[in-house]
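Trainee: Could we go through this model together? I would like to see how each label is earned.

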Amino acid sequence: MSARILLAYATRNGSTAEIAQVIGRELTNNGHAVDVTDIKMVSTLAGYSAIIIGGPLYMGSVDGAVERFVGNNREQLLKLPVAAFVVGLAPKNPDPGAVEAAMAAMRKSLGPVTPVSSVLFAGKLDPSKVNFVMRKFLEMAKIPAGDFRDWDAIAAWAQELPVKMGFTPAPKD
Ligand SMILES: Cc1cc2nc3c(=O)[nH]c(=O)nc-3n(C[C@H](O)[C@H](O)[C@H](O)COP(=O)(O)O)c2cc1C
């Protein structure tokens, strides 16, 4: 094993959690020890060599659990390699500023932490799970419904992470 990695994710409707599991599986398959944990359940970062933080975008911001996690673990996070992903429908939004706004929201949620790698993944939106008011907001924000998660892109990002986090590649059998 070359590293013990914590992947702490926030989720409201489960799609970010599923992305987190795929990233965790990819890293495990490449010989790394990974704990994939709901961000609200993380009590300590002790024993981890690197942290991956993931969270979904809602109403222009990353889920607040991410910012709270960063605030609560600021000192340790500043000493460790951190990678971050956010999940949203911004990549499917025809507004040319949507992706940059999503990346800005990610930077804001990470505060003083500069990730070694950060990415925006297209997520999943089931309109039957949102109320009438939210549906109107989504229409106005031109956020489409559907499952847009690109599992190949997610796996490819996970494969690049260990080297970006400063770990030597795991030996091949
Ligand atoms: C009410 C609502 C607001 C949303 N706002 C945004 C947004 O501002 N930007 C964005 O890119 N995606 C937005 N989305 C899309 C979610 O980020 C997407 O559905 C994501 O996959 C949800 O992750 P989760 O299933 O882990 O909660 C919104 C979705 C809903 C239901």
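Mentor: Gladly; we will take the ligand, its pocket, the cavity and one backbone angle in turn. Keep in mind that this is a predicted model.

Trainee: What makes the pair between T11 and the ligand a polar contact?

Mentor: A polar contact needs N or O atoms within 3.5 Å. A polar side-chain atom of T11 lies 2.5 Å from an oxygen atom of the ligand, so the pair meets that cut-off.

Trainee: Which backbone atoms come into play, at R12 and at V87?

Mentor: At R12, a backbone N or O atom is 2.9 Å from a ligand oxygen. At V87, a polar backbone atom is 3.3 Å from an oxygen of the ligand. Both values fall within 3.5 Å, so both pairs count as polar contacts. As for cover, the ligand taken alone exposes 640 Å², and the protein buries 94% of that.

Trainee: Which residues come nearest to the ligand?

Mentor: There are 23 residues around the ligand, and T11, S15, L57, Y58 and K124 come nearest. By class, this shell holds 13 nonpolar, 8 polar and 2 charged residues.

Trainee: Where does the ligand sit?

Mentor: The space taken by the ligand is the largest pocket. Helix 1 (15–29), strand 3 (50–58), strand 5 (82–88), strand 7 (124–125) and helix 5 (132–140) each give two or more residues to the shell around the ligand.

Trainee: What is the volume of the largest pocket, and which residues are closest to its centre?

Mentor: The volume is about 800 Å³. Of the 37 lining residues, L57, Y58, L89, L138 and I143 are closest to the centre. The lining divides into 19 nonpolar, 10 polar and 8 charged residues. Helix 4 is among the elements that supply at least two of the lining residues.

Trainee: How many cavities of 30 Å³ or more does a search find, and what makes a space a cavity and not a pocket?

Mentor: The search of the whole structure finds 1. A cavity is a space where a 1.4 Å probe fits but cannot get out, whereas a pocket is open. The largest cavity holds about 30 Å³ of space. Its lining includes I53, G54, G55, A84, F85, V86 and M106. Strand 3, strand 5 and helix 4 (98–110) each give two or more residues to that lining.

Trainee: Which classes of residue line the largest cavity?

Mentor: There are 8 nonpolar, 3 polar and no charged residues. Gly counts as polar here, so G54 and G55 fall in the polar class.

Trainee: What is notable about phi of M59, and where does M59 lie?

Mentor: Phi of M59 is near 50°, a positive value in a residue other than glycine. M59 lies in the loop between strand 3 and strand 4 (61–62).

Methods:
Residues numbered from 1 in each chain as written. Predicted model: local features only at pLDDT ≥ 70, side-chain atom pairs only at ≥ 80, totals over all residues. Heavy atoms only, no water. Near = heavy atom within 4 Å. Polar contact = N/O pair within 3.5 Å; in protein donor to acceptor, adjacent residues only side chain to side chain. Areas by Shrake-Rupley, 256 points an atom, 1.4 Å probe, with all protein chains shown as cover. 1 Å grid on protein atoms, 1.4 Å probe; cavity = no way out; pocket = protein on both sides within 12 Å on 5 of 7 lines; lining within 4 Å. Sits in = over half its atoms within 2 Å of the grid points. Helix = DSSP H or I, 4+ residues; strand = E, 2+ residues; numbered from the N terminus. Points joined across faces, edges and corners; volume = space filled by probe spheres on them.
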